[in-house]
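Biologist: Before we start, could you show me the chain, so that I can ask how each word used for it is justified?

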Amino acid sequence: HAQNLNDNTVLLGQLAPQGANGYNDVWGYAANGREYAIMGHRTGTSLIDVTTPSQPREVAFIPGPNSIWRDIKTHSHYAYVTNETAEGLHIIDLQNLPNSAELVARYDRTLRTAHNLYIDNGYAYIAGSNTARGCNILSLSDPLAPVEVGQWNSNYWHDVIVKNDTIYGSAMGGPNGIDIVEGHNKAQLRLLSRTPFPGAFTHNIWMTADNNYISNTDE
């Protein structure tokens with residue numbers, strides 16, 4: 001449905017994925033006058049130059065564990081990538097784009113798998129990991145050596161977004177809905193509100209540009 005030309009949208013370009021498995025997530029990145037789509041693929045992370053939208057081209061591919069779920073966010077000139085199979089958090093150096101990109105570190109001391117992540121104000125919030133039901137909070141003071149500074153465990157989160165140290169979690173499993181957590185003190189997180197959606201599978205969460213509303217979709 002994303003390729004239907006409606007709602008005043010115009011298709012500018014297309015790129016066939018590697019193999020038959022397709023992509024599973026996307027994040028944007030811009031540097032040195034060029035724009036990139038960083039795409040999660042079943043077998044790794046694809047970096048695509050989309051500066052000329054009609055001629056997208058893959059400029060690098062970082063292999064990873066076979067997984068149908070990947071999520072990507074950026075901080076400084078690094079991309080951080082989660083998956084639900086193995087190897088924890090991949091850290092990819094983007095500073096040499098468009099010539100190359102390189103896997104330079106992994107955060108995998110205890111964290112092995114995760115469904116999603118968000119980065120805000122120098123912290124990575126890892127949702128649905130093997131070590132925290134809600135999220136792990138990692139300091140990125142050293143971008144190549146994250147340090148865990150907090151966890152939220154009272155509910156499973158499928159997605160997370162953070163604005164000004166307030167954490168919004170797309171929760172499922174008890175109860176399903178939206179959790180809002182006060183996160184200024186990363187070591188002592190505090191639940192502000194919980195809005196249940198009975199019978200729903202709260203897949204994701206996002207915020208409007210004016211920060212006045214959050215929305216989610218049901219999977």
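Modeller: This is a predicted model, and 44% of the 219 residues of the protein chain count as buried.

Biologist: What makes a residue such as Ile-137 buried or exposed?

Modeller: The word buried is kept for residues under 20% relative accessible area. Ile-137 has a relative accessible area of 0%, so Ile-137 is called buried. This residue lies in strand β11, and its contacts beyond four places in sequence include Tyr-123, Tyr-125, Val-149, Ile-167 and Leu-189.

Biologist: Why is Ser-139 given the word it has, buried or exposed?

Modeller: The relative accessible area of Ser-139 is 12%, and because the cut-off for buried is under 20%, Ser-139 counts as buried. Ser-139 also has its place in strand β11, and leaving aside neighbours within four places in sequence, it is in contact with Gly-122, Tyr-123, Pro-146, Val-147 and Val-149.

Biologist: And what is Asp-25 called, given its relative accessibility?

Modeller: Asp-25 has a relative accessibility of 24%, and since buried means under 20% and exposed means over 50%, Asp-25 falls in between and is therefore partly exposed. Asp-25 is found in strand β1, which covers residues 23-31, and among its contacts beyond four places in sequence are Ile-38, Met-39, Arg-70 and Ile-72.

Biologist: Why is Gln-55 called exposed?

Modeller: Exposed requires over 50%, and Gln-55 has 57% relative accessibility, so the word applies to Gln-55. Gln-55 sits in the loop between β3 (44-49) and β4 (57-63). Although Gln-55 and Gln-14 are 41 residues apart along the chain, their C-alpha atoms are separated by 7.8 Å.

Biologist: How do you know that the chain as a whole is as compact as a globular protein of its length?

Modeller: The protein chain has 0 helices and 18 strands. Its radius of gyration is 17 Å, and the globule rule gives 17 Å for 219 residues, so the chain can be called as compact as a globular protein of that length. Along the principal axes, the C-alpha atoms fill a box of roughly 45 × 40 × 30 Å.

Biologist: What makes a group of residues a nonpolar core, and which residues touch the most other members of the largest one?

Modeller: The members must be buried residues of certain kinds, Val, Ile, Trp and Tyr among them, joined through side-chain atoms within 4.5 Å. The largest such core has 19 residues, of which Tyr-125, Trp-157, Val-160 and Ile-167 touch the most other members. Strands that each supply at least two residues of this core include β10 (123-127), β11 (135-139), β13 (156-163) and β14 (166-172), and the largest share, 4 residues, comes from β13.

Biologist: Which residues does Tyr-125 touch, beyond those up to four places away in sequence?

Modeller: Among them are Leu-117, Cys-135, Ile-137, Val-160, Val-162 and Ile-167.

Biologist: What makes the phi values of Asn-121 and Asn-164 worth a remark?

Modeller: Most residues other than glycine have a negative phi. Phi of Asn-121 is near 50°, a positive value in a residue that is not glycine, and Asn-164 likewise has a positive phi of about 50°. Asn-121 lies in the loop between β9 (116-120) and β10, while Asn-164 lies in the loop between β13 and β14.

Biologist: Why are Asn-121 and Asn-164 called exposed?

Modeller: Asn-121 has 53% relative accessibility, and because exposed means over 50%, Asn-121 earns the word. Asn-164 has a relative accessible area of 56%, so Asn-164 is exposed by that cut-off too.

Biologist: What kind of peptide bond runs from Leu-97 to Pro-98, cis or trans?

Modeller: That bond is cis, with omega near 5°. In general, most peptide bonds are trans. Pro-98 lies in the loop between β7 (89-93) and β8 (102-107).

Biologist: How many side chains count as positive and how many as negative?

Modeller: There are 13 positive and 21 negative side chains in the protein chain, and the centres of the two sets lie 4 Å apart. As for the surface, the protein chain exposes about 10800 Å², of which carbon and sulfur atoms supply 48%.

Key:
Residues numbered from 1 in each chain as written. Predicted model: local features only at pLDDT ≥ 70, side-chain atom pairs only at ≥ 80, totals over all residues. Heavy atoms only, no water. Rg over C-alpha atoms; globule rule 2.2 N^0.38 Å. Buried < 20%, exposed > 50% of the residue type's maximum accessible area, 1.4 Å probe, protein only. Areas by Shrake-Rupley, 256 points an atom, 1.4 Å probe, with all protein chains shown as cover. Lys, Arg positive; Asp, Glu negative; His and termini not counted. Charge placed at Lys NZ, Arg CZ, Asp CG, Glu CD. Contact = heavy atoms within 4.5 Å.
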